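Hello,

Here is the structure you are taking over. My notes follow below it.

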Amino acid sequence: MEGANIKRISIGLLVVILLLMNGCYGEKPVLAPLKDGKGKLRVVYDDEDQFFNDYGDYFQFLYPDIEIEVVSTTNLFTIQNNVMDRSDQKMEQFIKENKPDVLFLNEELFDNFLHTGLLYSLDEIMKQEQYDLSGFMPGVIESLRDIGGGKLYGLAPFFSTFVLYYNEDLFKSNHVDLPNDKMTWPEVLQLAARFGQPASEGRTGQYGLSFGYTNAHLLFGEIAKASTLQLTDPTGSKLQIHSDSWKQIMIMTVDAIRSGAVFTDQASQALKISGEDAFYQDKSAMLLTGLSVANELERRQINTDMKQMNWGMVTAPINPNYPEESTNAHLEEICAIPADSVNKRAAWEFIKFMNSKELAKSAPDMRPPKLPTRMQYMKKWKGRSTEPLYALKLNSHHRFIWDNQRVPMELNSALTPLLRDGLQAVLANGKSIDELLDELQVKGQEALDKMKQ
Amino acid sequence: MSMSKVLTRAIVSMLVLAMMMAGCSSEKPLLKDLDEEKEVTLRILTNMDRMSFRNFYGGLFGIQYSNIDIELIPFDERYSSNLDSIVALEANISRVRPDVVFLSPDAYERLAVEHKLYNLETIIRQEQFDVDTFLPGLIDWIRKKSGGALYGLAPSFMGKVLFYNADLFHQYGVELPHDGMTWDDVLKLAARFRNEGSSNDEVSGLYVWDIEAAIFDISMNLGLKLVDSKGERMLIQSESWKRVFGQTVEAIQNRDIRPQFSIANNGVIKEERSDLFLAGRAAMKLDWNMSVFSLQRGNIQGGNNYAFDWGVVTAPIDPFRPGETPYIQIPNIMAIPIEAEHKREAWEFIKFSNGPEKVERGLRYFPFEMMTRGLSKKTKDYNKLETFYKLRMSQDRDSRPYPVNVPDSFTEPFDKLLNQVLTRMIRKDVTVEQGINELDIKGNELLKQARASQNGGGQH
């Protein structure tokens, strides 16, 4: 009895001391605490079921008295002529109409909302609560601050990236050294060439590298993205695609496909399998794609009636100009609070939950699997080390060939069909690379001139 | 932190003292208390895929126990018979040494009998874990399987209830079904929906998946088995089986029962385009809880919205055992292997997964399985879904017409034969009696062949 009293008194004292200490600075809480844990949250998300399945149910387990309402993202944009209307007006109107408390934004939208000044800065509350920002993978907080002009307007719990999977058995049986992290495209293609035996009559073929897709122009795009090339001159008005350096990349692409180093459309049609299947079925030694493939690989390992494969992962190819940065990593669900939100405390609790160890732990088992930005909690990804997943810095400021802000992004949609059809014509042997580059240069310049008018 | 530790210790020692003073035997805690600061990796062997595991168990557990990591060891049990898969599972357990295993009821029975599982009775008593508010009959059923003591807990079940289309009942002026009807009652009710519609908009009383399903639905309710427990002999030559066949065949001839799959006069398999009940063209169906999901979602099929006012009553009962039901399946029993390294953490996982907090504060909806612990008051259609918990789970009758040791090499050809014979009975090519004779003779032959090939097939 006496012991219990002493304890009660000492707890009381502690509380008083803490209160006093707080009082010394005369600090008022930045966000008032929830009353009896009660609150409301209006969240913007694609799909209500998915939201609760991935996050909502778990948050409500901890905060059973916070009511959550999901507003579907489809209200966020009106799509006209295949272009999303992301004007400042639209953003403001959306916030006014839906009064959300939490937004899930990709990098581009996050940027858009910030331009309109519609988001609440988290710096003050994080400072007061001494919120721990350590343990995020390199580049995440920097990128977010970068977009926010130095301030942090959101936190991103997950990111997506590409990795290079490899089939260890195929490498060994072909006596080829295993791939490494941070290879450049020429290095990867050289490695792939060691396997190149295109399918032809009587031969099933063997390839070095396949993708989630099989179009030649997308391979070209990936290689270009990780190069030092620019599309135009510094003024952004003169296209310079018919140059020796662009030609070199085009030759590299075409050679890789012709020699069977890379698995593309022709191979896919001949073997009637996808790029992923080519990898699963030992027809391709490497696969460059997203993280969910690891699920499938693991599933195949478990299933007794499927062939087991020793597989590994290394980073996707890098840009030699920025060897520590990823060319594929993106933040897709940046959680932010609108400046007008009336439930900022509940929203902040939710954002902390989204970025917590507890949620991160089961993120790889969401569908699709999600990779936490808090790398300290993730040692394994489907039974493999997560090291290659976190080895490259996430960056939001380099857009590589699109780095030059003077080049309109729409140029991409003008060049893509020309490139797609042109490369196909080259591969079918009807067209020379010079012809194609010439055509791209002329028609691309015409399109660019129109855009610049 | 250290303050709270001191406190916890003080409270624990006081509790221990109190227990000793109360004379409740100077029992030592069976498992060491959970050290919440310690990081532990719990190894769980399961046949669930990662995503379902996260949604049903792992996700919430990770939030409640932030220092326990779960390493999922998936186990796929695709074997030619149930028995083979249990043998493979046992080998897997000794190889990967999991802390928690998800077991089929058959595997649970065998592992418990072989003393390979950790007995939970003492820890349940010491911690006063509530085992009285599970699905009625469940705990007794698990105990019975393992010879009296509890070696595992089952968090989820699948159950069948009788769904009805209230709109159709009103339209035909038939009184609504009620809980605790017998199969005779249900078939009588189904007969009230006979009508002269064209085959496209014709309404029937009771929809079933296929003819065999109708036979088994009725026979399991009476505890009838097709094959004896040793898997050696057909048991189909009985008055009860004759009655079940007779009743079902007649109801199908009268179109009171409409199967999704049937064989037309020319021998071609005919398939209805959709679940006739969900399409609003059958008054009732006996079906699993999954159907609730379709009904709640506005019942959209092939682009059409068939929403109607629906209700549920308990599955038909055996008039001699009115309070119980065999229409319950337990997919998994969670247990701790006797050699598990982290028994305390394993018990915490099982306790949490089977605990009442999870129901009250947990996931909003289980589409495929229901929780044995009951329903959250917040559940949509709470009043309807309560029906799943009304009858006590049968202790000795289940939904399986064959014993565990009958191989697939018997069941597959026999099911085909059954379908053919039933079709002939319905077409009146043979009498019920002749049909049963044929099933008996050919079934016994198939059994003999299957057993011979199994014995000659070498060991696994």
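Helix α8 (residues 185-193) of chain A lies across β8, β9 and β10 (284-289) of chain A. Its direction is about 125° to β9(A). Helices (H or I, at least four residues) and strands (E, at least two) are DSSP runs, numbered from the N terminus. Axes are lines fitted to C-alpha atoms, for helices over the stretch in contact (heavy atoms within 4.5 Å). Angles run from 0 to 180 degrees between N-to-C directions.

This is a predicted model: local features need pLDDT of at least 70, side-chain atom pairs count only at pLDDT 80 or more, and totals for chains, interfaces and linings use all residues. Residues are numbered from 1 along each chain as written, chains are lettered from A and ligands numbered from 1 in written order, and side-chain values use heavy atoms, without hydrogens and water.

Now the sheet. It is open, with 4 strands in the order β9-β10-β8-β11 (chain A) and mixed pairing (at least two DSSP bridges per pair). β9 (207-211) and β11 (311-315) of chain A are the edges; each has a single partner strand, so one side of each lacks a neighbour in the sheet. The twist averages 25° from one strand to the next. β8 (residues 163-167) of chain A runs antiparallel to β11(A), joined by 5 bridges. V163(A) is opposite T315(A) in β11(A).

Last, confidence. Chain A averages a pLDDT (the predictor's confidence in each residue, from 0 to 100) of 86. 87% of the residues score at least 70. Over residues 79-83 of chain A the pLDDT is below 50.

Best wishes
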